[in-house]
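The following exchange examines why certain terms are applied to a protein chain. Each answer sets a computed value against the criterion behind the term.

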Amino acid sequence: MEFKQITLEEADLKFAADGSLTAFKGYASVFGGVDSHGDTIHPGAYRHAIGDGAEVKMYFNHGWIKREIPIGKMFVREDERGLLVERAEFTKGIRMADEAALAVQHKTVNGLSVGFRIAADGYERKTEGGRNIRKIEFLKEVSVVDWPSDRSALLDAKSAIEEAETLKDI
């Protein structure tokens with residue numbers, strides 16, 4: 001299993017009436033960049049794994065490795081820019097989910113990381129190091145992380161209320 005971490009440039013965060021973060025959307029992976037491992041993920045890489053879209057488990061810092069329970073779920077699809085998290089929902093009542101949501105809301109945690117397996121024919125080695133990844137065989141999960149390796153995008157913790165221009169926008 002491999003991991004690719006990214007911070008998000010843009011995200012749309014949804015808040016409950018009490019001000020707590022309940023859901024967000026944004027990009028878990030952006031095409032064409034070079035991460036700290038020298039890897040580049042290319043358009044079409046996720047199509048084999050998720051087709052037109054999929055629901056995946058959400059963890060904090062790949063907690064499944066430590067046999068932790070998922071903290072929520074994400075609905076993802078590939079578009080022209082990358083792997084879009086159309087909606088991510090924290091599971092209310094799970095302590096780690098509540099803590100992760102608070103950390104995202106406070107901007108102390110601002111990244112995502114994908115856990116996946118690459119198809120044997122899904123990449124080529126770069127001469128300068130790293131890989132060109134063109135086919136991901138299996139997308140296991142997307143994690144909310146504190147130290148992403150791809151800094152091409154940042155999670156924006158502004159609420160919809162802060163950015164709204166009219167009551168209708170809210």
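The questions below concern a predicted model.

Q: What is the secondary structure of the chain, and in which order do the elements run?
A: The chain comes to 3 helices and 11 strands. From the N terminus on, these elements run β-β-β-β-α-β-β-β-α-β-β-β-β-α.

Q: Why is H62 called buried?
A: The relative accessibility of H62 is 6%. Buried means under 20%, and H62 therefore counts as buried.

Q: Why is N61 called partly exposed?
A: N61 has a relative accessibility of 26%. Partly exposed covers what lies between under 20%, for buried, and over 50%, for exposed; N61 therefore counts as partly exposed.

Q: What makes the backbone of N61 and H62 worth a remark?
A: N61 has a positive phi of about 50° although it is not a glycine. H62, likewise not a glycine, has a positive phi of about 55°. Most residues other than glycine have a negative phi. N61 is placed in the loop between β5 and β6, and H62 also belongs to the loop between β5 and β6.

Q: How do you know that a polar contact joins the side chains of S29 and Y46?
A: The contact between these side chains is 3.0 Å. A polar contact requires a pair of N or O atoms within 3.5 Å, so the value for S29 and Y46 meets the distance criterion. S29 lies in strand β3 and, at 5% relative accessibility, counts as buried.

Q: What makes a set of residues the largest nonpolar core here, and which elements supply it?
A: The residues of such a core must be buried, of nonpolar type as listed for this term, and joined through side-chain atoms within 4.5 Å. The largest core of this kind has 33 residues, and those with the most contacts inside it are Y46, M74, F90, L139 and V144. At least two residues each come from β3 (21–30), β5 (54–60), β6 (72–78), β7 (82–90), α2 (95–106), β8 (111–118) and β11 (136–145). With 5 residues, α2 gives the most to this core.

Q: Why is β6 described as mostly covered?
A: In β6, 5 of its 7 residues are buried. Buried means under 20% relative accessible area, so the description of β6 rests on those 5 residues.

Q: How do you know that β6 pairs with β5 and with β7?
A: Two strands pair if there are at least two bridges between them. There are 5 bridges from β5 to β6, which run antiparallel, so the criterion is met. E55 stands opposite F75 in β6. There are 7 bridges from β6 to β7, also running antiparallel, and this pairing therefore qualifies as well. G72 stands opposite F90 in β7. With 3 residues between them, β6 and β7 form a hairpin.

Q: Why are β4 and β9 said to stand at the edges of their sheet?
A: The sheet is open, has 3 strands in the order β4-β10-β9, and shows mixed pairing. β4 (40–41) and β9 (123–125) each have a single partner strand, so one side of each is left without a neighbour in the sheet.

Q: How do you know that β4 pairs with β10?
A: β4 is joined by 2 bridges to β10 (residues 131–133), and the two strands run parallel. At least two bridges are needed, so β4 and β10 count as paired. I41 has I133 as its bridge partner in β10.

Key. Residues are numbered from 1 along each chain as its sequence is written. This is a predicted model: local features need pLDDT of at least 70, side-chain atom pairs count only at pLDDT 80 or more; totals for chains, interfaces and linings use all residues. Side-chain values use heavy atoms; hydrogens and water are left out. Buried means under 20% relative accessible area, exposed over 50%, partly exposed in between (1.4 Å probe, protein chains only). Helices (H or I, at least four residues) and strands (E, at least two) are DSSP runs, numbered from the N terminus. A polar contact is a pair of N or O atoms within 3.5 Å; within protein, one must be able to donate a hydrogen and the other to accept it, and residues adjacent in sequence count only if both atoms are side-chain atoms.
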